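Reader: I should like to learn how a protein model is read, one step at a time. May I put some questions to you?

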Amino acid sequence: MKTGSWQQQLAGAFSRVGDLLNYLDLEDHLEPGMAAADNSFSIRVTHFFASLMEKGNIHDPLLRQVLPLSAEMENIPGFSTDPLADQAAHEGHGILHKYHGRVLLITTGACAINCRYCFRRHFPYADYQMTASHWSALLEQLRKDKTVREVILSGGDPLSLANGRLHTLIQHLQDIPHLRRLRIHSRLPVVLPDRLDEPLLDMLAGTRLSTSLVWHINHPREISTEFTQAVLPLRHRGIPLLNQAVLLKGVNDRVSVQTELSETLFESGILPYYLHQLDPVQGAAHFAVNDQEAAELYTLMQASLPGYLLPRLVREIPGAPSKTALTPSQNGQPGIDAGFP
Ligand code: SF4
């Protein structure tokens, strides 16, 4: 279901659990416990993403990613509101500096969809609102730090920013001589393919910075015909497209799903990059796949996929100098391997 510009589609996203369940013919599944979870992290789903869900199926893997559940309100030991210590890595002015040579900019708190397992679901975006003076301080900080080679735009979802703001930001970044690469992490075109409009495509292709896009796609059914068509101009412009997924119980924790995901990504010109173990964020414990199960799944993936279609199974550990690879050892038990950048 598509009506209007991408901004209008964004504004018309489902923001009430009952409306989404009605649309999916699942109104009987509305439970009081969903309201508390919704109050803690509100539901937000574009109509386009909802149109990819199977009607009448409460276990639909796309629906599971966005439907508030009472299980989110349980306090589970080991799950916290800031699982990656983002607030400790914050250098001020919206910059997170975790790894050498790269910085991550929190450009916005807005997303087109609210994923229930999001590691930033408790992030205090309101405290990180960027004013004009924040932006100039941020750029000044980047100008001074000559060790930084790559800027990663994150959020929220950076593609929820208007083209004008993105254009200004990219212009400023490319004027900093020591910056070489720009990476944009986004889920927005997956749930709203119209976002990849002509001005945005031109902007991404026109910067002197070597640009890559990292999508966030967890299930092969998220790779719609519309999305595949929308990314085609990026492929034609030679912009590398990668994907990172999160391993989620009840969504993509089967080898058949992971295999189909990698193969469909590749057919759309996207390389599987990372498969992340869930960040232990409060409210998402019901999505967790333990390391033993993850290692077993990965062994099956290794046996089913060529190496170039095998994402790296990783976990982010706060304070570590890189992502940490989880590898199955000889006896099938999970192990920790060297890090990935
Ligand atoms: S799109 Fe990304 S940042 Fe936004 S809620 Fe989902 S996982 Fe979080």
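The questions and answers below concern the overall build of the protein, two helix pairs and one residue.

Reader: How many helices and strands are there in the protein?

Author: The model discussed here is a predicted one. Along the chain, the count of secondary structure elements in the protein comes to 13 helices and 10 strands.

Reader: Why is the protein described as compact as a globular protein of its length?

Author: The globule rule gives 20 Å for 341 residues. The C-alpha trace spans about 55 × 55 × 40 Å along its principal axes. The protein is as compact as a globular protein of that length because its radius of gyration is close to the value of the rule, namely 20 Å.

Reader: What percentage of the contacts with a separation of 6 or more is accounted for by residues 24 or more positions apart?

Author: Of the 341 residues, 52% count as buried. Among contacts with a separation of 6 or more, the share from residues 24 or more positions apart is 79%.

Reader: Are helix 8 and helix 10 roughly parallel or roughly antiparallel to each other?

Author: Helix 8 covers residues 163–174 and helix 10 covers residues 198–206; their axes come within 10 Å and cross at roughly 5°. Angles under 35 degrees count as roughly parallel. The two helices, helix 8 and helix 10, are therefore roughly parallel.

Reader: How many nonpolar, polar and charged residues has the contact of helix 8 with helix 10?

Author: Helix 8 contributes Asn 163, Leu 166, His 167 and Ile 170, while helix 10 contributes Pro 199, Leu 200, Met 203 and Leu 204. Sorted by class, these residues are six nonpolar, two polar and no charged.

Reader: Which residues make the contact of helix 12 with helix 13?

Author: The axes of helix 12 (residues 255–267) and helix 13 (residues 291–304) come within 9 Å and cross at roughly 45°. These helices are therefore oblique to each other, and their crossing is right-handed. The contact is made by Val 255, Gln 258 and Thr 259 of helix 12, with Leu 297, Leu 300, Met 301 and Ser 304 of helix 13.

Reader: Why does Ser 51 count as partly exposed?

Author: Ser 51 lies in helix 4, which covers residues 47–51. Buried means under 20% relative accessible area and exposed over 50%, with partly exposed in between. Ser 51 is partly exposed because its relative accessible area is 28%.

Reader: What separates the C-alpha atoms of Ser 51 and Tyr 23?

Author: Along the chain, Ser 51 and Tyr 23 are 28 residues apart. In space, the separation of their C-alpha atoms is 9.2 Å.

Technical notes. Residues are numbered from 1 along each chain as its sequence is written. This is a predicted model: local features need pLDDT of at least 70, side-chain atom pairs count only at pLDDT 80 or more; totals for chains, interfaces and linings use all residues. Side-chain values use heavy atoms; hydrogens and water are left out. Axes are lines fitted to C-alpha atoms, for helices over the stretch in contact, and angles run from 0 to 180 degrees between N-to-C directions. Helices (H or I, at least four residues) and strands (E, at least two) are DSSP runs, numbered from the N terminus. Angles under 35 degrees count as roughly parallel, over 145 as roughly antiparallel, 65 to 115 as roughly perpendicular and the rest as oblique. A crossing is left-handed if the near helix is turned anticlockwise from the far one by less than a right angle, and right-handed if clockwise. Contact means heavy atoms within 4.5 Å. The radius of gyration is taken over C-alpha atoms; the globule rule is 2.2 Å times the number of residues to the power 0.38. Buried means under 20% relative accessible area, exposed over 50%, partly exposed in between (1.4 Å probe, protein chains only). Ala, Val, Leu, Ile, Met, Phe, Trp, Tyr, Cys and Pro count as nonpolar, Asp, Glu, Lys and Arg as charged, and the others, Gly among them, as polar.
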